[in-house]
Amino acid sequence: MRANQFLTEATQKGREYNHLEDLVTFEGARGALKAAEVLQRLGQDSNDVAIKWDGNPTLFWGREPDGEFVMTGKNGWGKNKTTSSQGLADFVMSTGKGEEWRKDFASEMAGVFDVLEANTPSDMRGYVYGDLLYSPRKPIASSQAGLQFTPNKVTYTVDPNSALGKRVAGSSVGVVVHTYHDAFGDNNGTVIKDTKSLNSNDVVVLGQTYVTHQPKVDTGVVQDIVSTANTNAQIIDTWLAPEQGLSRKDAILYNYVNQMTKQGKLDRLRTGFFDWLKTSKVSAGQQTKLMAGDVKGLDAILELVVKIQSAKNDIIDQLDSAGADVTATTKGERGGEGYVATRDKIKLVPRHRWQPNL
């Protein structure tokens with residue numbers, strides 16, 4: 001396999017959007033070359049790179065064939081067709097285990113229901129899926145830095161003098177949307193490319209928000225990844241190859257990287273596999289097979305994962321540091337959940353500082 005055999009199709013394993021470095025665990029040396037191709041392209045053209053918004057909670061809203069408005073959360077999609085703000089509040093209160101925060105959350109969702117119902121076009125049919133950014137109970141705050149809102153872990157600051165800032169300043173609800181669905185409960189959504197009809201003075205609905213800065217990628221780093229992948233292609237693919245009683249080594253490795261991320265141990269990624277394995281949920285028989293196998297292929301895979309992560313993090317740092325209409329901070333430090341390269345269905349997440357919930 002050589003560099004000119006880079007793949008251009010998105011991988012079908014993992015989630016809809018995969019971490020760039022996970023391509024190695026899914027496709028071996030081939031995936032590493034795909035990652036190198038993506039890095040090379042991003043250093044030349046970042047027009048399809050968008051902010052990965054950290055909104056919360058997830059919402060589905062829209063209108064039935066007869067025009068009736070419906071809104072629900074992810075846990076009610078296809079199950080609870082709420083047609084009034086009180087009905088939605090009652091549904092929120094009836095779920096869970098009586099948590100203290102639930103009453104305030106029910107009130108917030110009821111308020112969002114009323115605003116979206118009043119501002120959703122009467123001729124709309126079908127539903128949109130998105131994440132809440134701000135609402136009357138979690139309003140926008142004005143600061144010296146700009147207009148700020150914190151829907152989840154990330155605080156977003158919008159330039160009040162920008163076109164987006166002027167829209168945000170006059171609104172009470174903000175949502176970032178992802179897909180359109182034909183009917184209630186439909187799980188086969190289509191990507192929303194135009195949100196104009198969903199916007200009003202009181203509601204800001206954002207689609208993909210693309211970056212305006214062009215990052216630079218060190219070609220020497222990309223060539224190092226290509227060289228490492230080509231040199232070790234045989235041992236990498238041999239290690240990943242299914243064998244009797246151990247058909248999904250890629251899934252085990254994928255879980256390993258995720259768990260090390262959640263535990264904040266990415267600095268030990270290249271050396272921690274077998275220690276992690278002993279405490280994992282991998283069966284005893286599979287553990288024995290893995291420990292008895294050749295480790296050179298595993299070492300090469302993890303070397304590539306670390307190299308690709310490093311190159312990816314450099315791109316993220318450049319994008320985080322660039323001036324933009326919207327900037328993000330997490331726990332007071334510059335940067336948010338990262339970005340998505342939409343063409344390749346790749347997410348650029350700074351896993352060393354952005355840790356998913358355990």
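Visitor: Which residues have the most contacts inside the largest nonpolar core?

Guide: In this predicted model, those residues are Trp53, Tyr256 and Phe273, within a core of 66 residues. Helix 11, residues 296-321, gives this core its largest share, 11 residues. A second, separate core has 20 residues, including Trp61, Phe113, Val177 and Val203.

Visitor: What does Phe273 touch, leaving out residues up to four places away in sequence?

Guide: Phe273 touches Ile252, Leu253, Tyr256, Leu290 and Leu298. Tyr256 also appears with Phe273 among the residues that have the most contacts inside the largest core.

Visitor: Why is Gly297 called buried?

Guide: A residue is buried when its relative accessible area is under 20%. Gly297 has a relative accessibility of 2%, and therefore counts as buried. Gly297 lies in helix 11. Beyond residues up to four places away in sequence, Gly297 touches Ile235, Ile236 and Trp239. Gly297 and Ile236 are 61 residues apart in sequence, yet their C-alpha atoms are 4.3 Å apart in space.

Visitor: How do you know whether Thr82 is buried or exposed?

Guide: The limit for a buried residue is again under 20%. The relative accessible area of Thr82 is 5%, so Thr82 is buried. Thr82 lies in the loop between strand 4 (69-73) and helix 3 (85-94). The residues Thr82 touches, not counting those up to four places away in sequence, include Phe69, Met71, Leu88, Phe91 and Phe113. Between Thr82 and Phe113 the C-alpha distance is 9.7 Å, with 31 residues separating them in sequence. Phe113 is also one of the residues of the second core.

Visitor: What makes Thr342 buried?

Guide: Its relative accessible area is 18%, and the limit is under 20%, so Thr342 is buried. Thr342 is placed in the loop between strand 14 (339-341) and strand 15 (346-348). Apart from its neighbours within four places in sequence, Thr342 is in contact with Tyr17, Asp48, Gln208 and Tyr210.

Visitor: How do you know that the side chain of Thr342 has a polar contact with Asp48?

Guide: For a polar contact, the N or O atoms must be within 3.5 Å. A polar atom of the Thr342 side chain lies 2.9 Å from the backbone oxygen of Asp48, so the distance satisfies that limit.

Visitor: Why is Lys345 called partly exposed, and Lys331 exposed?

Guide: Exposed means over 50%, and partly exposed lies between that limit and the 20% limit for buried residues. Lys345 has a relative accessibility of 29%, so Lys345 counts as partly exposed. Lys331 has 84%, and therefore counts as exposed. Lys345 is in the loop between strand 14 and strand 15, whereas Lys331 is in the loop between strand 12 and strand 13 (333-334).

Visitor: What is the phi of Lys331?

Guide: Phi of Lys331 is near 55°, a positive value in a residue other than glycine. Lys345 also has a positive phi, of about 55°. Most residues other than glycine have a negative phi.

Visitor: Which residues are closest to the centre of the second largest pocket?

Guide: They are Ile51, Ala324, Val326, Thr327 and Tyr339, out of 24 lining residues. The volume of this pocket is about 360 Å³. Strand 12 (326-330) and helix 11 each supply at least two lining residues, and strand 12 gives the largest share, three residues. The lining divides into 11 nonpolar, eight polar and five charged residues.

Terms used:
Residues are numbered from 1 along each chain as its sequence is written. This is a predicted model: local features need pLDDT of at least 70, side-chain atom pairs count only at pLDDT 80 or more; totals for chains, interfaces and linings use all residues. Side-chain values use heavy atoms; hydrogens and water are left out. Helices (H or I, at least four residues) and strands (E, at least two) are DSSP runs, numbered from the N terminus. Buried means under 20% relative accessible area, exposed over 50%, partly exposed in between (1.4 Å probe, protein chains only). A polar contact is a pair of N or O atoms within 3.5 Å; within protein, one must be able to donate a hydrogen and the other to accept it, and residues adjacent in sequence count only if both atoms are side-chain atoms. Contact means heavy atoms within 4.5 Å. A nonpolar core is a set of buried Ala, Val, Leu, Ile, Met, Phe, Trp, Tyr and Cys residues joined through side-chain atoms within 4.5 Å. On a 1 Å grid over the protein atoms alone, a cavity is a set of points where a 1.4 Å probe fits but cannot get out, and a pocket is an open set with protein on both sides within 12 Å along at least five of seven lines; lining residues have an atom within 4 Å of a point. Grid points are joined across faces, edges and corners, and a volume is the space filled by probe spheres set on the points. Ala, Val, Leu, Ile, Met, Phe, Trp, Tyr, Cys and Pro count as nonpolar, Asp, Glu, Lys and Arg as charged, and the others, Gly among them, as polar.
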